[in-house]
Amino acid sequence: MTVTTPLSLDNLFSLEGRSALITGGSRGIGRMIAEGFVRNGVRVYISARKAEACDQAAAELADHGHCVSLPADVSTAEGIAQLVAAYREHESSLDILVNNAGAAWAAPFEEFPEAGWDKVMDLNVKTPFFLTQALKPDLVAASSDHLAKVINIASIDGLSVNPLETYSYHASKSGLVHLTRRMAVELIKDRIAVSAIAPGAFASDMNKAARDHGEEIRAGIPAGRIGEPEDMAAAAIYLASRAGDYVIGSTITVDGGVTHVR
């Protein structure tokens, strides 16, 4: 019989048998996290606005474990309610919620439209709050023998400024970093640990520069490379597991060191 010690890798990092819901899970950062969870025994549910893309991603990830597509537009209250109801058809509790769905908008200061403000702020700030609020009973139900986890996906653009005129994106991600702190000190009372990840350059549809101009971008990164899926999956696994239980309200920067030089 094998006895698991408190400092064993299994005790610290295992997610076997847990459930996770990941918004924006069909591509980019969300898919990187979803694959990391699926390959490590998590029952994963991914959501995305485009049903066909969500279904296809879930089918591909299901080759490695348990992954189910739950398409929904979480930028609206109706979409959040739809997603929560769909999730509850499969599970009676939720171990890990990853608030990853996001949007960006770039335009010159003089031309920046109200629509570019509202769309980004709604999805990047309001949605993580109200989706977590709606799923709090499910998170509490999972927290009897381990902490339930909420992981918000912020950005290094919420910590420092880049040259792009993405005003609402910068503001939204900075707001999400602070919202993470405020949610964390409240929800830990109910055994729900809230934290965040601030990714740097990872190749995705959201970060087309890293995707299409990797050689140029990596020249400005101290680590000398673009982020890889394993880097993002590892950070999420750390925060979601016992290893991350004492990370309450903090945002982990995963950027190869770029925020220290820009």
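Here is a chat between a visitor and a guide about the sheet and helices of a predicted model.

Visitor: What are the ground rules for the numbers?

Guide: Residues are numbered from 1 along each chain as its sequence is written, and side-chain values use heavy atoms, with hydrogens and water left out. Since the model is predicted, local features need pLDDT of at least 70 and side-chain atom pairs count only at pLDDT 80 or more, while totals for chains, interfaces and linings use all residues.

Visitor: What makes something an "E" or an "H" here?

Guide: Those are DSSP runs numbered from the N terminus: helices (H or I) take at least four residues and strands (E) at least two.

Visitor: What is the strand order in the open sheet of seven strands?

Guide: The order is E3-E2-E1-E4-E5-E6-E7, with parallel pairing. Strand E3 (67–69) and E7 stand at the edges with a single partner strand each, so one side of each has no neighbour in the sheet. From one strand to the next, the twist averages 20 degrees.

Visitor: How do you know that E1 and E2 pair?

Guide: Two strands pair if DSSP finds at least two bridges between them. E1 and E2 have five bridges, in the parallel sense, so the definition is met. One of the partnerships puts serine 19 with arginine 43 in E2. Between those strands, the chain goes through helix H2 (residues 28–38), and this β-α-β crossover is right-handed.

Visitor: What makes a crossover right-handed?

Guide: Point the strands away from you: if the path from the first strand over the helix to the second runs clockwise, the crossover is right-handed. E2, H3 and E3 make a right-handed β-α-β unit too. E2 and E3 run parallel and are joined by three bridges, with valine 44 opposite cysteine 67 in E3.

Visitor: How many bridges hold E4 to E5?

Guide: Strand E4 (residues 96–99) and E5 share four bridges in the parallel sense, and isoleucine 96 faces lysine 149 in E5. Next along, strand E5 (residues 148–153) pairs with E6 over six parallel bridges. There, valine 150 stands opposite valine 194 in E6. The route from E5 to E6 goes through helix H6 (residues 167–187), again as a right-handed β-α-β crossover.

Visitor: Why is strand E6 called largely enclosed?

Guide: Buried means under 20% relative accessible area, exposed over 50%, and partly exposed in between (1.4 Å probe, protein chains only). Eight of the eight residues of E6 (residues 192–199) are buried, so the strand is largely enclosed by the rest of the structure. Side chains in a regular strand alternate between the two faces of the sheet. In E6, Ile192, Val194, Ala196 and Ala198 are buried on one side, and Ala193, Ser195, Ile197 and Pro199 are buried on the other. Four bridges join E6 to E7 in parallel, where proline 199 sits opposite valine 254.

Visitor: Is histidine 260 buried or exposed?

Guide: Exposed: its relative accessibility is 71%, and the cut-off for exposed is over 50%. Histidine 260 lies in the segment after strand E7 (251–254). Its C-alpha atom is separated by 9.4 Å from that of isoleucine 221, 39 residues apart along the chain.

Visitor: Why are H5 and H6 called roughly parallel?

Guide: Axes are lines fitted to C-alpha atoms, for helices over the stretch in contact, and angles run from 0 to 180 degrees between N-to-C directions. Angles under 35 degrees count as roughly parallel, over 145 as roughly antiparallel, 65 to 115 as roughly perpendicular and the rest as oblique. The axes of helix H5 (residues 114–141) and H6 come within 8 Å and cross at roughly 15 degrees, so these helices are roughly parallel to each other. The contact (heavy atoms within 4.5 Å) includes Trp117 and Phe129 of H5 and Tyr169 and Leu176 of H6.

Visitor: What makes H4 and H5 roughly parallel?

Guide: H4 and H5 pack at about 30 degrees, with their axes 10 Å apart, and therefore they count as roughly parallel. Among the residues that meet are Ile80 and Leu83 in H4 and Phe130 and Leu131 in H5.

Visitor: Where does helix H4 lie on the sheet?

Guide: Helix H4 (residues 77–88) lies across strand E1 (19–23) and E2, running at about 155 degrees to E1. Helix H3 (residues 51–61) lies across strand E2 (43–47) and E3, at about 170 degrees to E3. E2 itself is mostly covered, with four of its five residues buried.
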